[in-house]
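Thanks for taking a look at this one with me. My notes follow the view below, as numbered points you can check off as you go.

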Amino acid sequence: MTDDLVAALRPLLLAEASAEAPASGAEPGDLEQAVWLRLLERLDSDGPPVDPPGWLRRAVRAEARRSRRTTRHERPYEHEPAADTDRHDPEHLALAAARHRALRDAVRRLPGRCPRLVEALLSPNDLTYREIAGELGISQGSLGPERSRCLGCLRRMLTPEVAARGARG
């Protein structure tokens, strides 16, 4: 049943995700994987939707809206705070080491294969996506969406820690 549903919905999902992706700021593959995950969760809890094509269209649009909201709230740093190389005093070096330890500790607490993926991304060997995908045993095409999910999880884990540290003054 599930295989038939997936096979029937695949072309529609490809088309819907491709149509919604440009306006949402997301990659079509990211939207596709998010909707597949939603479908699997739904199948596990409530069973198949009554109107699968309608459900799929609504799910794609909901994921696109979520992506737009996330993109609107994310702001890049103007400069990397830890990259201040002009300062080599002991305090700066100790703080930088503490930030690196906190990052590595958070990476180790990530779920699933995220720790290995993020460690590969942080590798000083500057691995390509093809090399990382080969090392993890996943397809190169799923690496981007997986990276996005892992970094989102890492961001959610670190946000309370960074906010708590900043609040101390």
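**Notes on the model**

1. Let me begin with a cysteine: Cys114 has a relative accessible area of 9%, so it counts as buried (buried means under 20% relative accessible area, exposed over 50%, and partly exposed in between, with a 1.4 Å probe and protein chains only). Before going further, please keep in mind that this is a predicted model, in which local features need pLDDT of at least 70 and side-chain atom pairs count only at pLDDT 80 or more, while totals for chains, interfaces and linings use all residues. Residues are numbered from 1 along each chain as its sequence is written, and side-chain values use heavy atoms, with hydrogens and water left out.

2. Which residue is the partner of Cys114? A disulfide joins Cys114 to Cys150, with an S to S distance of 2.0 Å (a disulfide is a pair of cysteine sulfur atoms within 2.5 Å). The pair links distant parts of the chain, 36 residues apart, with Cys114 in helix α5 (residues 114-122) and Cys150 in helix α7. Helices here are DSSP runs of H or I with at least four residues, strands are runs of E with at least two, and both are numbered from the N terminus. The link of Cys114 and Cys150 is left-handed, with -80 degrees about the S-S bond. Cys150 is buried too, at 0% relative accessibility.

3. You may wonder about Cys153. Cys153 is in no disulfide, and the nearest cysteine sulfur, that of Cys114, is 6.1 Å away. At 16% relative accessibility, Cys153 counts as buried. The structure holds one disulfide.

4. Now the overall picture. The protein chain has seven helices and zero strands, giving the pattern α-α-α-α-α-α-α along the sequence. Of its 169 residues, 33% count as buried. Among contacts between residues at least 6 apart in sequence, 57% join residues at least 24 apart (contact means heavy atoms within 4.5 Å).

5. On confidence, the chain averages a pLDDT of 83, and 88% of the residues score at least 70 (pLDDT is the predictor's confidence in each residue, from 0 to 100). Which elements have the lowest and the highest mean pLDDT? The lowest is α7, at 77, and the highest is α5, at 90. These are the two helices that the disulfide of Cys114 and Cys150 links.

6. Helix α7 (residues 140-167) also holds Leu143, which is buried at 1% relative accessibility. Leaving aside neighbours within four places in sequence, Leu143 is in contact with Leu117, Tyr129, Ile132, Ala133, Leu136 and Ile138. For Leu143 and Tyr129, 14 residues apart along the chain, the C-alpha atoms are separated by 7.2 Å.

7. The second largest pocket deserves a look as well; about 830 Å³ of space lies in it. On a 1 Å grid over the protein atoms alone, a pocket is an open set of points with protein on both sides within 12 Å along at least five of seven lines, and lining residues have an atom within 4 Å of a point. Grid points are joined across faces, edges and corners, and the volume is the space filled by probe spheres set on the points. Of the 25 residues that line the second largest pocket, the closest to its centre are Arg66, Thr70, Ser148, Arg149 and Gly152. The elements giving two or more residues to this lining are α2 (28-45), α3 (52-73) and α7, and α7 gives the most, with nine residues. By type, the lining divides into seven nonpolar, seven polar and 11 charged residues.

8. Helix α3 also contains Ser67, which is buried with a relative accessible area of 11%. Not counting residues up to four places away in sequence, Ser67 touches Ser24, Gly25 and Ala26. Ala26 is found in the loop between α1 (2-24) and α2, and counts as buried at 16% relative accessibility. With the same kind of neighbours left aside, within four places, Ala26 is in contact with Ala21, Leu31 and Ser67.

9. One last spot for your eye is Asp126, in the loop between α5 and α6 (129-136). Its phi is near 50 degrees, a positive value in a residue other than glycine. Most residues other than glycine have a negative phi. Asp126 counts as exposed, at 66% relative accessibility.

Notes: On a 1 Å grid over the protein atoms alone, a cavity is a set of points where a 1.4 Å probe fits but cannot get out, and a pocket is an open set with protein on both sides within 12 Å along at least five of seven lines; lining residues have an atom within 4 Å of a point. Ala, Val, Leu, Ile, Met, Phe, Trp, Tyr, Cys and Pro count as nonpolar, Asp, Glu, Lys and Arg as charged, and the others, Gly among them, as polar.
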